[in-house]
Amino acid sequence: MNPDPDPQAAPAFLAPGFRLFEGGATFLPDALRAAAATLDPVATAWGSAILCPAGASVQRVLAGLLAAERQQLPLLLARGPVPDPASGLSGRLPAAPPPGPGLTVALSTSGTTGPARWIWHDWQRLCGRIRLTPPPACWLLTYEPASFAGLQVILTAALSGAGLVALPPQGPVSALCRILAAAGSSGDTADHPPITHSSGTPSFWRAVLISIPEQYRSGEEVGGLPALRHLTLGGEIADTPTLTRLAAAFPAAKIRHLYASTEAGALFAVSDGRAGFPASWLETGIDEVSLRIRNDILEVRSPRMMTASGECFGSGLNLEAEPSPSGPRLSADGWLITGDQVRQEGDRVLFRGRADSRVNIGGVKVWPEAVEAALLAVPGVAEAWVSVHTSPVTGHLLTAQVVPLPEQEPEALRQALRQALEPLPAAARPRRITVVAALPVTLSGKKQRS
Amino acid sequence: MQPPPLPATPVPLSLAAALALVVAETVTLLREKGEPVPEIAPEQVFLDGTFPFDSLDLATLIVTLEQKTGQDPFRSGLRQFRTVGELAALYATPHS
């Protein structure tokens with residue numbers, strides 16, 4: 001059994017057997033090191049740093065990590081829905097990194113509620129929960145590379161010398177179908193080894209269940225998904241029907257779902273095939289994490305939460321490390337108030353959703369008010385509001401209705417609305433915007449036509 | 001923030017009518033995205049990588065279908081469907 005990565009070491013973290021399969025190309029460690037050697041630092045107010053621009057590929061992120069390690073500089077991983085080639089940054093630069101040994105990485109949020117914010121992670125925080133998966137393991141990456149969840153998968157594969165197949169974050173399931181179709185049609189060998197490990201949101205897995213044809217789930221081993229041995233769900237509430245259907249579709253896989261809070265980070269994993277977590281953990285805790293319920297909200301306490309200076313880092317398996325605008329909330333006795341509503345039902349504690357208005361759309365955390373504000377800011381709009389729907393596919397979904405000013409030309413307005421939504425993450429952009437003559441009245445219980 | 005508009009009273013739909021509705025709403029979504037609209041057969045797979053549809057489009061389609069038919073075949077969770085025809089079949093029988 002291989003030792004787990006040493007959290008104190010600044011590693012040469014690309015183990016020899018590592019292979020990256022991305023965009024139809026294969027990258028070996030030497031090629032990645034060569035790419036890293038071409039990266040020059042950027043200047044910030046507090047010193048030099050290596051920068052990966054928004055929308056960076058896995059290849060680019062790995063080159064950035066290697067360059068930062070070699071040049072002993074911090075790494076900035078920018079995010080955002082629209083890559084900005086000029087500055088590569090979707091917001092202001094972060095403040096200076098905290099002192100400490102080893103590689104430090106700043107991850108940027110996508111800024112649904114304002115300018116992008118940055119969160120620093122040190123090597124301990126990046127790798128503290130990683131368990132090595134030696135070859136013949138091959139990981140399927142479904143998350144955006146410059147996210148904490150994405151980095152967890154990338155670093156696990158890199159440290160283990162395993163394979164890593166990267167899907168584009170826009171339309172990962174469609175890309176997966178194309179990869180599987182290409183593997184199937186090229187005979188009995190694929191470009192990459194059989195995929196054995198994968199982590200994705202429940203929405204991703206539901207889309208996989210909808211789309212992946214039967215023969216890739218219960219037949220050929222090479223290049224397809226049936227070799228899946230470890231299947232992880234994270235970033236959204238995992239419901240029991242999805243877990244049950246995944247167990248039926250991937251009978252050889254160990255399935256677990258992760259719970260992470262924005263401020264406390266990755267807290268625990270559940271592997272018993274049921275949603276929520278065992279109520280007994282309220283008594284015993286799990287994995288050094290204490291849990292309790294106050295006012296129907298889950299509160300947690302974990303030694304991983306706080307740094308020595310008492311600062312709370314967001315370090316979890318979140319697709320969007322998006323702290324709430326008011327910051328982390330602590331109870332009087334020092335427990336973190338997660339803001340997640342829970343309900344105990346018998347031997348189980350189940351997640352019901354957020355206490356605030358934040359919704360989770362396919363793993364992306366969105367504040368509907370921010371979307372509404374973007375629409376209201378468009379000239380020509382008299383009134384706008386955003387409706388939240390539950391969705392069996394993505395958990396939640398936004399649609400919007402807009403009342404135009406008199407004399408406003410509808411097609412020009414649609415264009416303007418689309419442009420106003422462009423800076424937001426794809427999941428936060430309502431796909432359906434209905435232009436209506438007036439606000440539908442719903443309080444009196446009158447039925448509405450859509 | 002307003003609650004979403006309430007759906008219409010559930011209306012029984014024949015399979016042909018449900019299929020026509022699913023195709024019509026899929027076409028509307030594609031047009032709103034600015035995508036070219038191909039011929040949509042009942043065998044068309046939504047998320048197969050060749051059709052210009054992703055999970056968010058599919059989620060929006062399902063919300064629209066609920067609003068138009070008053071039916072929610074997914075109220076107990078996601079049910080299996082891959083194609084346009086299979087989704088239409090879920091709306092073809094009235095649910096109480």
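## A hairpin and a crossover in chain A

In this predicted model, strands β22(A) and β23(A) form a hairpin in which three residues lie between the two strands. The pairing of β22(A), which covers residues 381–391, with β23(A) is antiparallel and extends over 10 bridges. One position that can be looked up in the structure is Ala384(A), which stands opposite Val402(A) in β23(A). Strand β23(A) itself spans residues 395–404 and is mostly covered, since seven of its 10 residues are buried.

Strand β23(A) also pairs with β24(A), a strand of residues 433–435, and here the sense is parallel, with three bridges between the two. In this pairing Ala400(A) of β23(A) has Ile433(A) of β24(A) opposite to it. Helix α10(A), made of residues 410–421, joins the picture at this point, as β23(A), α10(A) and β24(A) together make a right-handed β-α-β unit.

## Strand β18 and its partners

Another part of chain A can be described around β18(A), which runs over residues 336–345 and pairs in the antiparallel sense with β16(A), residues 297–301, over three bridges. Within that pairing, Ile297(A) stands opposite Gln341(A) in β18(A). A further antiparallel partner of β18(A) is β17(A), residues 329–330, which is joined to β18(A) by two bridges. The bridge partner of Arg329(A) in β18(A) is Ile337(A). Strands β17(A) and β18(A) form a hairpin with five residues between them, and in its turn Gly334(A) has a positive phi of about 85 degrees.

On the C-terminal side in numbering, β18(A) pairs with β19(A), residues 348–354, again in the antiparallel sense and over six bridges. Here Arg343(A) stands opposite Leu350(A) in β19(A). These two strands also make a hairpin, with two residues between them, and Gly346(A) in this hairpin takes a positive phi near 65 degrees.

## Chain B and its residue Glu25

Chain B has three helices and zero strands, and its elements run α-α-α from the N terminus on. Of the 96 residues in chain B, 47% are buried. When contacts in chain B between residues at least 6 apart in sequence are considered, 57% of them join residues that are at least 24 apart.

Glu25(B) is found in helix α1(B), which covers residues 15–33. Because its relative accessible area is 7%, which is under the 20% cut-off, Glu25(B) counts as buried. Its side chain makes a polar contact, at 3.3 Å, with the side chain of Arg432(A), a residue of the other chain named here. Once neighbours within four places in sequence are left aside, Glu25(B) is in contact with Arg432(A) and, in chain B, with Leu61(B), Thr64(B), Leu65(B) and Lys68(B).

## Aromatic pairs

A search of the whole structure finds 14 aromatic pairs over all chains. One of them is formed by Tyr259(A) and Phe268(A), a tilted pair with 5.4 Å from centre to centre and 35 degrees between the planes. Tyr259(A) and Phe268(A) are both buried. Ring pairs link these two residues with Phe277(A), Trp281(A) and Phe351(A) into a cluster.

In chain B, Phe46(B) and Phe81(B) form an edge-to-face pair, with 6.2 Å between the centres and 85 degrees between the planes. Phe46(B) lies in the loop between α1(B) and α2(B), the latter being residues 55–69, while Phe81(B) lies in the loop between α2(B) and α3(B), residues 84–91, so this pair ties together parts of chain B that are 35 residues apart in sequence. Phe46(B) is buried, with a relative accessible area of 0%, and Phe81(B) likewise counts as buried at 0% relative accessibility.

## Cysteines

The structure holds zero disulfides over all chains. Cys127(A) is in no disulfide, and the nearest cysteine sulfur, which belongs to Cys52(A), is 16 Å away. Because a disulfide needs its two sulfur atoms within 2.5 Å, a separation of 16 Å leaves Cys127(A) without a disulfide partner. Cys127(A) is buried, with a relative accessible area of 3%, and Cys138(A) counts as buried at 0%.

Conventions: Residues are numbered from 1 along each chain as its sequence is written. Chains are lettered from A and ligands numbered from 1 in the order in which they are written. This is a predicted model: local features need pLDDT of at least 70, side-chain atom pairs count only at pLDDT 80 or more; totals for chains, interfaces and linings use all residues. Side-chain values use heavy atoms; hydrogens and water are left out. Helices (H or I, at least four residues) and strands (E, at least two) are DSSP runs, numbered from the N terminus. Buried means under 20% relative accessible area, exposed over 50%, partly exposed in between (1.4 Å probe, protein chains only). A polar contact is a pair of N or O atoms within 3.5 Å; within protein, one must be able to donate a hydrogen and the other to accept it, and residues adjacent in sequence count only if both atoms are side-chain atoms. Contact means heavy atoms within 4.5 Å. Rings of Phe, Tyr and Trp (its six-membered ring) pair if their centres lie within 6.5 Å; planes under 30 degrees apart count as stacked, over 60 as edge-to-face and the rest as tilted. Two strands pair if DSSP finds at least two bridges between them. A crossover is right-handed if, with the strands pointing away from the viewer, the path from the first strand over the helix to the second runs clockwise.
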